[in-house]
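Student: I would like to take a close look at one residue in a loop and then see how it fits into the rest of the model. Could you take me through it slowly, in one connected answer?

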Amino acid sequence: MSRPKPLVAAIAVATIAATALSACSGSSAKKSNGGSGGGGTGGVFTSIDANNKITAGAPMNPFNAAPNMFLGYNQMQLGFTKNDPSDPNALLPGLAASWTASDAGLTIQLQPGAKWSDGTPVTVADIKTSLAIAYTQGTAGPVASAGGTVVAGSNFEVSDVKDLGGGKIEIDQQPGVKNLYFQRLVLTSTIVSDKVYGGQLPADIWTQIAAVQGTDQAAAGAAATKLAAEGKTIAAFAPAKDVSAGPFVETRVNPGEALLDRNQYFYAASKISPKQVILRSYSGNQQIWGYMNGGELDFAPYTSMPTNILNQVLGAGYTRVDAPSYVSASIAFNEKQAPYNLTPVRQALAYVIDRDAVTKVGEPVGGIAAPTTTGLVGSQSDSILSGDQKAALNPYKVDTAKAASLLQGAGFTKDGSGKWHLPNGQPWTITLQTVNGFSDWIAASTIIANELTQFGIPTTAAITADFATYQKEMAAGKYAVGWWLVALGPQTDKAYARIYGSADGYSVTGGQATHNDAAPTNWEHTPATYTVNGQSIDPGQLAAQLSVTPVSGQAPIVAQLAAATNQELPMIQIWNYTHVVFTLDKRFTNFPKTGQDALLANPPGVWMMQGYVQGK
Amino acid sequence: MTGFARRLAGKLLTGLVMVWVVVTFTFFLVHALPGKPGDVQYEQYIMSGMSSEQASAKVQQVYGFTSHAPLLSQYGGYLGRLAHGDLGQSISYTGVPVTHLIWSALPWTVIPVLSGLLVSFLFGVVAGIVAAVKRSSRWGGLLTVSGSLVAGVPAFVLALLLLVVFHTEWNLLPDAGTSDIQYNPGWNVPYIGSVVQHAVLPVCAYALLSYGGWLLAMKSSVVSVLGDDFILASELRGIAPVTRARYIGRNAILPLFTVLALSFGVMFAGSFFIEDTFDYPGLGDLLLKSIGTRDYPVMAGAFLLITVSIIVANILADLCYTLIDPRVRR
């Protein structure tokens, strides 16, 4: 018999001792491999909040940028987004059971029996305090002296909150201001308890808000400065305990996990099956995959995942659920650097890059090869553009002959070794820039580099050390060709503002855009106008116009922008991301399925509010 | 003033000057890094699946805590606050005092690194003595090879190996975190047991990482002492082997004390790789996150802590050396 090696022996002794110590308490329920099943109600639901990594010392305050607070569990809103591109104002109910919009604002009906976890009811004071806090955080106005302007953007402008009795609350929009998304922005604001947060605000907060909305610019400026200072106090505030109106309330947080217990006072407590929720910290994708391989998570968020990992997690019993994601990975050009200022060059590159092959390597699980480039994700353009408009789009299917013809037409030549030369006779090489840590972009860059090199344009993939440096250098115009995210969000105006906005030298005031090619943030340097179907259009102006046009009237503008983007290719969309999440039907069942996009746009806490996720 | 007090005062003064130099250097260095806190985070929020509105709102919060004053004025303010022990407020944790974040992360670096350091020192020194004394035997050779081998393995490989063996394959120990959330933190047996259980793998990783270094250093030192005349003389005079071993040990361990003292200082830097692998939220993890988010105050605070601890450890090592080695006092 051999003696145990010292290290193994030491580990074994320490493990046994620690396990014995851990097991000493009969009162503490020890979890094993994730949560335990519910048998109808009860059990521990284990998951990860990818938007909020748990951090030792971070406060339980949703207004902190990195709080130990979790949307849909203990962080509540009046409503939750459906991420519906055809109606961005469509929402699932939250603390508001229903609502009606008018030109003056919004009237909401609070959920009957809406209470905080200390048993006190949710009142108009809570809503008023929460919306005032939004002003201090920069997520609400101010729009000083807007005077009848239709306002674009992410900020709402509330001027008053009135109690109509019986749980009915009127929320007024700043007179003279019309934000197309007022309803969505107000309803998706975080609602906190006035009892906990009210003391952090000055008594004259609504006087300050009135001042920033007023016509006296000096007073508005002074009030805005005060609001910003108050915002810092609010963001840094660390409540001693969590008081939540959500389905769960935070019991404790350690540096690796957060424990939330079911809120017995939640207005729909009978729908909530898990007795507890444990949210785990993670240091990277690999750790989430490790948890999944061990069947430890009941819900796993999106991670950029290769096929072999997908097979492993499916093998561990997980179900893949797909929902739309309004983000697209693209190759963008700096048109100040020749030859990328030439439209035929960008078109030729689009004909060479095989987007299907690139997606299979770069983002095989969480991506779908972009059907073409429009500036929107496929599902969005499909729902907005007519059949004829879609048919008129160039899909840029792989066609190297067409690419060669386009380049020859632009004065490029090919030498005896098959390498392309610029019109001035210089050899043409491409450096495709990507970022350290973005594994999908890096893998995809290798394929694109191979394809372009085989076509006769020697291409190398260069990696910038970190994302901050990449952002800085891209903005400074240092890269001729590099990866970029486009088509952000279900709102088409947001998607086009990403392309024809500040990164392209446009600034927008009151729905009017001005273009400045020398603007410091302008690294795209596209021309101010395009000629599309014989018509001259200003894409920046159209994007600005889109932002102040009701959704029902946006289609003609979107069609023009999609056609212009498809023809001019300021960037080439490679793949559209898919929001792939995983559920484990082992301890809990009745999870939303692929196709239930409105639910899947939200975290599992919101599913539970709607009666989903029941213990087995 | 005694000689000791004079030496102490001199070293403290030198230490203060060094802290100021390093503080100044790191302040300008961290601000010279490309990218701004808000710009960096927006795209990362989008990549993590957050909606553009949520991302904008979060970035807005971060911008509120990013100073736009000229750099020299920021530096003046920083030094002023520092003189009062205030390290400022975090940007990425909007307004949370940096000292609070550091204090929260500190135990999760000190506990495993200190334990790992002491365990590795103990095992390494003993193994080093054996390897030196039995250097002509198979055991001596094996020990030396084990030291060289372990010393050459990168931290992340070692950590992953431990994770795969003791968690994935054998499921003996937890893979991440500091304790089981089901236990109420405090001086209660289940919680402490859980903390110990979660610390085993990180401690082993730290211990294994430095074990080879101690072993090889101790072996080399012992071999050198073995060749000294006083050892030969003690052998010839028939002094008992136990006493001779004490002579050897006391003389050979002296150089290692300096390294040990400095290691206590370096300890505060944690280890990015080990903390990352075991998701152990110590100072290394905090520093890494702060660099990624360009959280200048947290970066500066963490660097300051590391600098001060190394300088203090250096001073203590110097002072202790004068106590344990009479030759230095002359």
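Tutor: Let us begin with H525(A), which sits in the loop that runs between strands β24 (512–515) and β25 (530–532) of chain A. Please keep in mind throughout that this is a predicted model. The backbone of H525(A) has a positive phi of about 55 degrees, although the residue is not a glycine. That deserves attention because most residues other than glycine have a negative phi. As for its surroundings, H525(A) has a relative accessibility of 13%, and since anything under 20% is called buried, H525(A) counts as buried.

Other places in the model can be set beside this loop. N83(A), which belongs to the loop between β3 (79–81) and β4 (91–93) of chain A, also has a positive phi, near 50 degrees, and is likewise a residue other than glycine. In chain B, R294(B) comes just after helix α13(B) and takes a positive phi of about 55 degrees. A further backbone feature concerns the peptide bond itself: A338(A) and P339(A) are joined by a cis bond, with omega at about 5 degrees, and P339(A) lies in the loop between β16 (318–333) and α9 (343–352) of chain A. For comparison, most peptide bonds are trans.

A buried residue can also be found in a strand, as Q276(A) shows, being part of β14 (residues 276–280) of chain A. Its relative accessible area is 13%, and Q276(A) is therefore buried. Leaving aside residues up to four places away in sequence, Q276(A) touches several residues of chain A, including G43(A), F45(A), F248(A) and L260(A), and it also touches Q182(B) of chain B.

Helices offer another view of burial. In α5 of chain A, which covers residues 205–213, the buried residues are I205(A), W206(A), Q208(A), I209(A), V212(A) and Q213(A). Looking down the axis of α5(A), you would find these buried residues within an arc of 155 degrees, so they line one face of the helix. They pack against α2 (124–137), β8 (158–165) and α6 (217–236) of chain A. In chain B, helix α13 (residues 283–292) has L283(B), G284(B), D285(B), L286(B), L287(B) and S290(B) as its buried residues, and the elements that cover them include α5 (98–105), α6 (107–133), α12 (272–277) and α14 (296–324) of chain B.

Finally, we can step back to the chains as wholes. Chain A, to which H525(A) belongs, contains 20 helices and 29 strands. Its radius of gyration is 27 Å, close to the 25 Å that the globule rule gives for 616 residues, so chain A is as compact as a globular protein of that length. Buried residues account for 56% of the 616 residues in chain A. When contacts in chain A between residues at least 6 apart in sequence are considered, 70% of them join residues at least 24 apart. Chain B, for its part, has 15 helices and 0 strands, and 48% of its 330 residues are buried. Its accessible surface is about 15,500 Å², with carbon and sulfur atoms supplying 70% of that area.

How values were computed. Residues are numbered from 1 along each chain as its sequence is written. Chains are lettered from A and ligands numbered from 1 in the order in which they are written. This is a predicted model: local features need pLDDT of at least 70, side-chain atom pairs count only at pLDDT 80 or more; totals for chains, interfaces and linings use all residues. Side-chain values use heavy atoms; hydrogens and water are left out. Helices (H or I, at least four residues) and strands (E, at least two) are DSSP runs, numbered from the N terminus. The radius of gyration is taken over C-alpha atoms; the globule rule is 2.2 Å times the number of residues to the power 0.38. Buried means under 20% relative accessible area, exposed over 50%, partly exposed in between (1.4 Å probe, protein chains only). Contact means heavy atoms within 4.5 Å. The arc is that of the directions from the helix axis to the C-beta atoms. Accessible areas come from the Shrake-Rupley method with a 1.4 Å probe; for residues, only the protein chains shown count as cover.
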